[in-house]
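Trainee: I am new to this model, and I would like to learn how each word used for it is earned. Could we go through it term by term?

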Amino acid sequence: MPGMIDTHIHAPQYINAGFGLELPLLGWLNKYTFPTEARFSDLKFANEVYTRVVANTLINGTTTAMYFATIHKDSALLLGDIAHQIGQRAFIGKVSMDQNSPEYYIEEKGSAIKDIEEFIVSLQSKNYPNIQPAVTPRFAITCSMNLMKTLSELASKYNVNIQTHVSENPAECEVAVSLHEGCRDYVDIYAQANLLTAKTILAHGVYLSDKELEVLHRYQTSISHCPNSNCSIRSGMCDVRRLMEKGLRVGLGTDVSGGFSSSILDAMRFAITVSNILSLSKSEDYKPLNFRDVFFMATLGGAQALGLDDKVGNFEIGKEFDALVVNLAPTDGNLEVWPDESMENRLSKWIHLGDDRSISRVYVNGVEVKEGASNTLRIKRLGSKRKLSEMV
C-alpha cells in the first residue's frame with residue numbers, strides 16, 4: 001500500500017508522549033511543552049530524541065512527516081540531517097515565535113527572521129532529495145503580525161511550505177483574535193499576514209466558521225486533522241466531513257505529544273471514532289468517516305494537503321515509490337484474517353487492528369528503510385537501558 005503521511009507532528013515533544021494530558025492547550029504548553037522544547041539548544045540531547053522519533057515513525061509506516069522542530073536553528077537542521085540519513089521524506093520546520101512566550105523560550109523578531117532565512121538556505125543547500133524546509137510560525141498567539149508577514153515573504157522568496165496551528169481550543173481562539181486588532185477571526189489573522197497559500201497547512205481547525213472555511217477554500221489552504229490530540233487535551237471534536245464538503249483538503253496528523261501516539265494508524269482510528277460520535281447528534285443523512293475515508297486521508301489525501309500528490313500518495317505511474325508491505329497474518333498481535341474475506345474487509349481490519357508488527361517493509365523513494373530504522377531505534381533503546389542500569 002502507499003506510504004502513510006503525517007501532516008502534523010512535533011518532533012521535540014516525542015519524549016513527552018503519554019503524560020501531561022490533564023491540562024488544556026494553553027496550560028499544557030506552559031507547564032510541559034515549552035520547558036521541553038527549550039532543551040533542544042543541546043545538540044547531543046536533540047540528536048538522541050530526533051533519531052528516535054524519525055526511526056519510530058518510519059517503523060510505524062510514516063514515509064512522509066511534516067515536522068515542527070523548535071526555535072533552535074542548529075537542532076532543526078540536525079533533524080533534517082537525521083531524517084535524510086535514516087531515509088524518511090520530511091518537511092522540517094524551525095519554529096518562529098516572538099511574543100507571549102516564556103523568557104527562556106522566545107526570539108527577538110530580528111534574530112527570528114535571520115535564523116529562519118539561514119535555516120532555509122542551509123537546508124536547501126544540502127540538496128537532500130526528500131527533505132524540505134517549512135516556514136513555521138508557531139501560532140497567532142506567539143507571533144506578532146510583523147513577524148508573520150515577514151515569514152510569508154520568505155516562504156514566497158524560497159518557494160517553501162508553511163505550517164502553523166488554527167482554531168484548536170476555544171480559549172486559544174479568543175486570545176488569538178484579541179491580540180491582533182482589526183482581524184475579524186482566527187483565519188483572518190493569517191490572511192492579513194499573507195500566510196494562506198496553496199502550500200499552507202493549518203493544524204486542527206476544530207472551531208472554524210463557515211466564513212473561515214470559505215476563505216481557506218479560496219486560498220486552497222489545507223487542514224491537518226489531529227483527532228488524538230483534540231481528544232487527549234480536550235480541545236474539541238473536529239467535523240472533518242463538514243470540512244471536506246466545503247472543498248478543503250484534509251490530511252491526518254498525530255500531533256505528538258498532544259496526541260500520545262506517533263502512529264498514523266492510531267490517527268485513522270481516532271478519526272473514525274470522533275466522526276462516529278459527532279454523527280450521534282447529526283441528521284440521519286450525515287455520513288461519518290469510514291475506513292475508506294481515513295485511508296485516503298493517510299495516503300493521497302495527506303499528499304494533496306502537503307502539495308506532494310504529484311510525487312507520492314498512490315501508485316500512479318511516474319510517481320516515486322513510497323510504500324508499505326503489510327503482512328495480514330503476523331505471528332504477533334491481534335490481527336487475524338480468514339480465507340473468504342474481501343480485500344476491503346482485510347484493509348478495514350488492518351486499519352483497526354494493525355500495528356508496526358504487521359508492517360513488514362517500508363520504502364521511501366524506492367529505498368527500503370524499515371530495517372535500518374529498526375536497528376537504529378534498537379541501538380538507541382539499548383543504550384538507554386545501559387545508562388539506566390549504570391544508575392541503579
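Trainee: Is the crossing of helix 4 and helix 5 left-handed or right-handed, and what decides it?
Mentor: The crossing is right-handed, a word used if the near helix is turned clockwise from the far one by less than a right angle, while anticlockwise would make it left-handed. Helices here are DSSP runs of H or I with at least four residues, and strands are runs of E with at least two, numbered from the N terminus. Keep in mind that this is a predicted model, where local features need pLDDT of at least 70 and side-chain atom pairs pLDDT 80 or more, while totals for chains, interfaces and linings use all residues. Residues are numbered from 1 along each chain as its sequence is written, and side-chain values use heavy atoms, leaving out hydrogens and water.

Trainee: How do you know how helix 4 is oriented relative to helix 5?
Mentor: Helix 4 (residues 109–125) and helix 5 (residues 145–158) pack at about 20°, with axes 10 Å apart (lines fitted to C-alpha atoms over the stretch in contact, with angles from 0 to 180 degrees between N-to-C directions). Helix 4 is therefore roughly parallel to helix 5, the word for angles under 35 degrees. Their contact (heavy atoms within 4.5 Å) includes Ile-113, Ile-116 and Ile-120 of helix 4 and Leu-147, Leu-151 and Leu-154 of helix 5. By class, this contact has nine nonpolar, three polar and three charged residues.

Trainee: What orientation does helix 3 have to helix 4, and why?
Mentor: Helix 3 (residues 73–86) packs against helix 4 at about 25°, again with the axes 10 Å apart, and that angle makes helix 3 roughly parallel to helix 4. The crossing of helix 3 with helix 4 is right-handed, and among the residues making the contact are Ala-76 and Leu-77 of helix 3 and Phe-119 and Leu-123 of helix 4.

Trainee: Does Thr-142 count as buried or exposed, and how do you know?
Mentor: Thr-142 has 1% relative accessibility, so it counts as buried, given that buried means under 20% relative accessible area and exposed over 50%, with partly exposed in between (1.4 Å probe, protein chains only). Thr-142 lies in the loop between strand 4 (131–137) and helix 5, and among the residues it touches, not counting those up to four places away in sequence, are Met-97, Asp-98 and Ser-101.

Trainee: What makes strand 1 a partner of strand 2?
Mentor: Five bridges join strand 1 (residues 4–10) to strand 2 (residues 62–68), and the two run parallel; at least two DSSP bridges are required for a pair. Ile-9 stands opposite Tyr-67 in strand 2, and seven of the seven residues of strand 1 are buried.

Key
Parallel < 35°, antiparallel > 145°, perpendicular 65-115°, else oblique. Nonpolar A, V, L, I, M, F, W, Y, C, P; charged D, E, K, R; others polar.
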